[in-house]
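Reader: I'm new to this structure and would love a close look at one part of it. Could you walk me through the sheet and what lies against it?

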Amino acid sequence: MKDNNCAYCTQGDLLDKFGYPVGKMDSGYLYIFKEQTKMGRVILAYEDHVSEIVDISDEERNRFFFDANKIAKAIHKIFSPSKVNYGMYGDTSCHLHMHIVPKYKGGDEWDSTFTMNPDKKYLSENDYEEIAKILRRELNISK
Ligand SMILES: [Zn+2]
């Protein structure tokens with residue numbers, strides 16, 4: 001099921017505004033969140049246009065969380081955050097996705113909930129690609 005007005009379904013201009021493509025996971029697609037105040041922040045978008053985890057089967061949910069766990073492990077290894085936070089909101093986008101957000105002791109918003117978009121730190125396309133390459137290698141996935 002796809003929605004032509006959804007950033008995650010169309011994977012076009014709408015998504016380019018905030019996400020950089022990393023690669024296909026078993027349950028969906030992984031993006032670097034372009035706003036990188038929390039270095040290593042990514043989004044795992046589920047493969048179908050469903051709103052919440054209650055809309056998928058137990059097996060599908062397990063695949064999604066298995067991938068989220070794999071990604072979090074890779075982020076711990078690559079970026080050495082003090083903690084990883086997880087957020088699933090999407091009040092308006094209605095496409096199941098998870099923000100996987102490394103937090104650093106003494107860093108931005110440590111000991112607090114993360115802002116959806118702090119709009120403070122963006123990288124160059126080259127830097128996004130470098131991070132994407134490292135993630136692809138660690139996760140053994142391709143674009
Ligand atoms: Zn969608």
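Author: Let's start with one pair of residues: Tyr-29 has Ala-45, in β3, as its bridge partner. This model is predicted, so please read what follows as a description of a prediction.

The strands involved here are β2, residues 28-33, and β3, residues 42-46; they run antiparallel and are joined by 5 bridges. In general, the strands of a sheet pair through hydrogen bonds of the backbone, in a parallel or an antiparallel way.

Now step back to the whole sheet. It is open and has 5 strands, with antiparallel pairing, in the order β1-β2-β3-β5-β4. The edges are held by β1 (19-24) and β4 (83-87); each has a single partner strand, so one of its sides has no neighbour in the sheet. From one strand to the next, the twist averages 25 degrees.

Next come the helices. Helix α3, residues 58-79, packs on the sheet and touches β2, β3, β4 and β5 (97-103). The direction of α3 makes about 165 degrees with that of β3. Helix α4 packs on the sheet too, touching β1, β2 and β3, and its direction makes about 20 degrees with that of β1.

Finally, let's zoom in on α4, which spans residues 125-139 and includes Ile-131. Ile-131 counts as buried because its relative accessible area is 14%, and buried means under 20%. Leaving aside residues up to four places away in sequence, Ile-131 touches Ile-32, Gln-36, Phe-79 and Leu-123. As for Leu-96, it lies 35 residues from Ile-131 in sequence, and their C-alpha atoms are 24 Å apart in space.

Key:
Residues numbered from 1 in each chain as written. Predicted model: local features only at pLDDT ≥ 70, side-chain atom pairs only at ≥ 80, totals over all residues. Heavy atoms only, no water. Helix = DSSP H or I, 4+ residues; strand = E, 2+ residues; numbered from the N terminus. Buried < 20%, exposed > 50% of the residue type's maximum accessible area, 1.4 Å probe, protein only. Contact = heavy atoms within 4.5 Å. Pairing = 2+ DSSP bridges. Axes fitted to C-alpha atoms, helices over the stretch in contact; angles between N-to-C directions.
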